Amino acid sequence: MSSRDTIIGDIQKSLGRNDASPVLPNPPIVPPRIPGSREQEIAKLFEEISALKGNGRRIAPNQVGEALTGLVHAQSIRKAVLWNTERLAQLGVPNKLRELGIEVIPRDSDKPVLAEADLGVTEADFLLAETGTIGLLSSPDKPRSVSLLPRIHLAIVHPNAFRADLHQVFAEANSKDYLILITGPSRTSDIELVVTIGVHGPQVLYVWMVED
Amino acid sequence: MKTNIAPIDFRANSQHVPPEMVSGVQAATTRFLGSRARVVAELATWEELRQAGSEIRRHTLDHLDHYLVMLESKVRALGGQVHWARDAAEANEIFLQIAREHKVKTIVKSKSMASEEIHLNRAMEEEGIRAVETDLGEYIIQVAGTGPSHIIAPALHLTKEGIADLFREKLGVDTPPDPTRLTQIAHDRLREEFLAAEMGVSGANFLVAETGTVVLVTNEGNGRMCTTQPPVHVVIAGIDKVVPDWESLTVFVKLLARSATGQKISTYTSFITGASANASENGPREFHLVLLDNGRTRTLRDPETHETLKCIRCGACLNICPVYNHVGGHAYGTTYSGPIGAILSPQLLGTRIAADLPFASTLCGACADICPVKIPIPEILLHLRHRIAEGDEIEESVTSGFVRGAMTISTWAMRMPWLWWLGSRVLGIIQAPFRRDEWLPNLPPPLSRWTISRPFPAFKPEFRDWWAKRDRTKRKELQTNKKDDGAKSLE
């Protein structure tokens with residue numbers, strides 16, 4: 001008998017039956033969170049992000065260029081990699097970066113090349129105000145490494161991405177093959193409990209809320 | 001069940017605990033408990049979440065076969081491969097097969113207790129494959145060559161100066177003992193490993209049966225690295241990690257980080273369903289799931305103890321346990337320490353090896369109060385103690401023949417008064433030469449092991465005579481009083 005059949009058989013014997021029994025409906029779930037107004041959600045999101053040493057701010061669409069210039073100089077960005085989305089193109093992000101003399105690395109480059117990027121720019125598919133979380137799905141145009149390998153991660157987000165609670169995020173994401181919930185820059189306290197920001201994931205997280 | 005492993009001697013282990021281990025552990029547990037208290041207080045629905053968590057886990061265990069089969073079919077439908085391992089040897093063999101097939105020279109590992117349970121690193125190294133730990137704490141203790149002192153923060157017993165010395169000696173790099181600089185060294189070394197490794201290994205905090213999804217809860221980004229950079233991703237997880245669906249998952253995502261470190265949610269919570277559909281998503285091309293039994297089905301067999309498998313590995317019980325806070329994780333001598341270790345390890349390894357652990361407890365019950373899924377740890381500890389002392393359908397007793405014999409004789413003596421009387425007469429005679437008034441200050445070996453440090457109270461057979469005499473006197477008095485009362489009432 002295969003290991004699989006042995007294990008399943010052992011489980012059934014342990015539970016006192018010899019085949020699968022009908023499965024009763026799941027137990028009741030805890031009532032989910034009721035969201036505040038848009039302004040309250042935005043404020044809460046930034047409060048949580050800032051508590052985790054992330055940088056959240058609101059920017060008007062026509063100020064994105066200026067903000068990018070500031071970021072590039074403040075963080076000495078030379079190379080960047082971006083998600084390929086309509087909105088980022090609309091806001092002029094790839095063009096502005098090139099204008100600033102940044103080398104934009106193609107998304108599908110080899111990993112060691114991608115790892116040389118200083119800045120990764122994404123959007124966010126979901127926002128959770130209660131915990132200051134941004135949620136990212138993935139696709140060939142929105143690869144996973146962009147929010148992971150570079151030392152700076154910039155997420156340009158829109159309030160439409162807000163969801164009240166995990167229930168809503170999961171209802172939409174459970175048919176996708178990848179979801180990452182990002183809450184703050186990478187951290188550890190493994191050495192003497194001293195909180196160190198920036199380990200293997202990005203060291204700095206920027207979240208820019210750009211409304212239409 | 002393993003028979004070639006030495007029994008764990010908790011008492012001996014706890015004699016060798018260095019003081020910096022204890023202070024490191026207590027600093028960590030105090031911090032985690034404080035943070036936990038804050039985030040739990042903010043959540044009005046905490047107790048409802050705990051109840052829901054407990055019920056969902058019970059339900060899952062009651063239908064574990066159903067959910068495992070569902071999980072397998074979902075993972076397979078997405079092109080992933082599912083392997084079933086009855087024990088550590090089978091699991092390691094599966095890993096080796098996958099490694100050989102892909103000519104793997106280096107594995108990067110995200111933190112996984114299941115992989116430590118099967119001693120994966122050792123099995124790989126014996127075949128000439130490097131297994132690199134990438135969680136910072138695990139990396140540090142791998143470089144140091146020691147074991148973890150806490151489930152969540154394995155290198156807590158080391159100082160930053162100690163780690164700087166370690167890096168100087170083992171990695172050949174000189175740096176001041178500053179956590180940021182030390183972390184940077186680990187970052188640089190491990191980045192090379194992430195990008196070059198042929199295989200990434202992770203555990204799974206949860207396995208979602210509904211969609212075949214692996215959930216990873218991390219803070220450093222190493223979990224994401226191990227599961228996105230190498231071309232092959234292998235997950236090893238106990239069969240008890242299954243949850244039915246995403247809706248149930250909302251409960252556990254809210255319970256886990258708060259209970260473990262006092263964060264509302266960990267920095268990175270990843271939901272990985274199969275290999276990535278397309279290379280340019282930067283994901284792995286091949287996905288394997290290794291489901292590990294290793295004693296879990298045996299644990300399921302006993303309805304008194306199977307709630308042990310509800311555990312979501314948060315470590316909160318360790319943080320609050322007075323025993324753990326005095327000795328740290330190494331004293332438990334095995335993968336799982338603290339209160340959960342005291343009930344899980346004897347069931348996974350067998351009581352022959354882990355008989356000491358259920359007794360390494362004061363039964364204060366703090367663990368049961370803090371457990372996010374309401375595992376009744378003290379009840380299970382008592383049940384396991386019974387199993388160790390007297391045996392049950394799952395396992396025989398592991399107490400020495402001498403103790404069992406003594407218990408049997410005591411039981412007869414307590415059931416048969418004449419035997420008790422005889423025993424007390426005999427004992428009265430035997431002890432006479434050693435008796436000094438009410439005490440026996442010096443007894444011959446092996447009883448000298450007691451009297452070396454204090455006297456033993458003398459057995460008092462004269463008590464029965466005294467009681468019998470008193471009884472007779474009292475009865476006489478009662479009779480006399482009755483006659484008097486009777487006489488009075490006639491007047």
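The exercises below, each with a worked solution, concern a predicted model.

**Exercise 1.** Determine how chain B is spread out in space, beginning with its helices and strands.

*Solution.* Begin with the secondary structure: chain B contains 23 helices and twelve strands. Next, take the globule rule, which gives 23 Å for 491 residues. The radius of gyration of chain B is 29 Å, well over that value, so chain B is more spread out than a compact globule. Finally, look at the box along the principal axes: the C-alpha atoms of chain B fill roughly 110 × 55 × 45 Å.

**Exercise 2.** Describe burial, contacts and surface in chain B.

*Solution.* A residue is buried when its relative accessible area is under 20%. By this cut-off, 56% of the 491 residues of chain B are buried. Turn then to contacts with a separation of 6 or more: in chain B, 73% of them involve residues 24 or more positions apart. For the surface, chain B exposes about 21700 Å², and carbon and sulfur atoms supply 56% of that area.

**Exercise 3.** Find the distance between the mean positions of the positive and negative charges of chain B.

*Solution.* Count the charges: 57 are positive and 58 are negative. Their mean positions lie 7 Å apart.

**Exercise 4.** Locate the largest nonpolar core and examine A:W208.

*Solution.* The largest nonpolar core has 75 residues, and A:V93, A:L97 and A:W208 have the most contacts inside it. Strand β11 of chain A, residues 204-210, gives the most to this core, with seven residues. Leaving out residues up to four places away in sequence, A:W208 touches several residues, including A:R57, A:I59, A:L154 and A:V157. Another core, of 70 residues, lies apart from the largest one; among its residues are A:F126, B:M113, B:A331 and B:Y332.

How values were computed
Residues numbered from 1 in each chain as written. Chains lettered and ligands numbered in written order. Predicted model: local features only at pLDDT ≥ 70, side-chain atom pairs only at ≥ 80, totals over all residues. Heavy atoms only, no water. Helix = DSSP H or I, 4+ residues; strand = E, 2+ residues; numbered from the N terminus. Rg over C-alpha atoms; globule rule 2.2 N^0.38 Å. Buried < 20%, exposed > 50% of the residue type's maximum accessible area, 1.4 Å probe, protein only. Contact = heavy atoms within 4.5 Å. Areas by Shrake-Rupley, 256 points an atom, 1.4 Å probe, with all protein chains shown as cover. Lys, Arg positive; Asp, Glu negative; His and termini not counted. Charge placed at Lys NZ, Arg CZ, Asp CG, Glu CD. Core = buried A, V, L, I, M, F, W, Y, C linked by side-chain atoms within 4.5 Å.
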